[in-house]
Amino acid sequence: MKILAIESSCDETAVAVVEDGRKVLSSVVATQVEEHRLYGGVVPEIASRRHVEAIEGVTAEALNQAGVTMDDIEAIAVTHAPGLIGALLVGVNFAKGLSFATGKPLVPVHHLRSHIASNYISHQDLKPPFLCLVVSGGHSHIVMVEDYTKMKIIGRTRDDAAGEAFDKAARTMGMPYPGGIAMDRVAENGNPLAYKLPRPTVDGCPYDFSFSGLKTAIINLIHNASQKGETLPVEDLSASFRYAVVDCLATNFIKAAKDFNVKTLVTAGGVSANSLLRRRLEEDCKKNGFALYMPDKKLCGDNGAMVGSQGYYEYLDKNIANLSLNAVATLPIDYR
Ligand code: KG4
Ligand code: ZN
């Protein structure tokens, strides 16, 4: 079954054609990152406008690269939540138009579920159940994936998402948006023990995260130094900050796996491209005898292929929308 999948939740207009949830026939991503970089972060109104301009061309290119026409497509999947509302609406309305014009079923896809599904493309043998660390620019969750469309949140961030913390700390160090990627690169040349940073925990909730205190600690360190006319080495700052964030993520994730007796661990979302997080989880999982699955780095960020993969399993679970489908800015991953 071939699905045309559309993603427009943030600053990437992405469309893919995916067969049976696992085989990517095409995946086209038009990124707006250069334009948002001018402002140090995503400007929602600009994002919506660029999606409107790009979506038709990206769709035509995805069909072309897959060597198919709309006649070969059996369903249209679209990210409907969560994300920037104006950005989501562009994809949702475009998908509704296609569904109306062709009579093909419309499948709503939750953005974080699709991040998890990027693993079904990278690892053809992977099947639920498993425990997933979902870490993106807007979310940090530990999710029990009981089945393709049945999940439970075990832990969550109480404030900033990991990606958001990376981006804000990196911005203070003068790095371009999205700073998480830049900081990861710079940190490779620094000493992770140069600065002692806190490892915030949440009382009574051992699987929850809190990154805002950590972010404030590094920002204060930089500001205090600059008030004294000093400049701290960005390599050491980056390495120490990255180490602290990764330590919090890995510690809670591994604890959850042990406590819930799960032996298959999976990561998803933009931050799962982080080099230290990948190395650390590889070590921890080896030590504990856990199987670890992480998406290919090119599938960690937003793309249409992951929407096509999750869309297939949502379709099998009869999650079909009618033409009154709306975009939703916030929606829990276990909404259905
Ligand atoms: O999943 P994603 O592409 O979009 C959202 O759904 O939010 O995640 C984007 C986030 C950004 O905060 C970006 O800085 C972060 O993922 N990111 C990274 C790395 N690559 C992307 N953070 C740390 N290290 C990386 N290598
Ligand atoms: Zn995302």
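The following dialogue introduces the strands and helices of a predicted model.

Biologist: On what basis are residues numbered and features accepted here?

Modeller: Residues are numbered from 1 along each chain as its sequence is written. Because this is a predicted model, local features need pLDDT of at least 70.

Biologist: What is the strand order of the open sheet of five strands?

Modeller: Helices (H or I, at least four residues) and strands (E, at least two) are DSSP runs, numbered from the N terminus. Two strands pair if DSSP finds at least two bridges between them. The pairing in this open sheet is mixed, and the order is 3-2-1-4-5.

Biologist: Which are the edge strands?

Modeller: An edge strand pairs on one side only. That holds for strand 3 (23–31) and strand 5 (106–110).

Biologist: Which residue of strand 5 stands opposite Val78?

Modeller: Strand 4 (residues 75–81) and strand 5 run parallel and are joined by five bridges. Opposite Val78 in strand 5 stands Pro108.

Biologist: Which strands does helix 3 (residues 85–102) touch as it packs on the sheet?

Modeller: Contact means heavy atoms within 4.5 Å. The direction of helix 3 makes about 155° with that of strand 4. The strands touched by helix 3 are strand 1 (2–7), strand 4 and strand 5.

Biologist: How do helix 5 (residues 162–172) and helix 8 (residues 234–259) run, roughly parallel or roughly antiparallel?

Modeller: Axes are lines fitted to C-alpha atoms, for helices over the stretch in contact, and angles run from 0 to 180 degrees between N-to-C directions. The two axes come within 11 Å and cross at roughly 170°. Angles under 35 degrees count as roughly parallel, over 145 as roughly antiparallel, 65 to 115 as roughly perpendicular and the rest as oblique. Helix 5 is therefore, relative to helix 8, roughly antiparallel.

Biologist: Which residues of helix 8 make the contact with helix 5?

Modeller: From helix 5, the contact is made by Ala162, Ala165, Phe166 and Ala169. From helix 8, it is made by Phe241, Arg242, Val245 and Leu249.

Biologist: How many residues of strand 9 (residues 264–268) are buried?

Modeller: Buried means under 20% relative accessible area, exposed over 50%, partly exposed in between (1.4 Å probe, protein chains only). Strand 9 is mostly covered, and of its five residues the buried ones number four.

Biologist: Which residue of strand 9 is the bridge partner of Leu133?

Modeller: Strand 6 (residues 130–135) runs parallel to strand 9, with four bridges between them. The bridge partner of Leu133 in strand 9 is Thr267.

Conventions
Chains lettered and ligands numbered in written order. Predicted model: local features only at pLDDT ≥ 70, side-chain atom pairs only at ≥ 80, totals over all residues. Heavy atoms only, no water.
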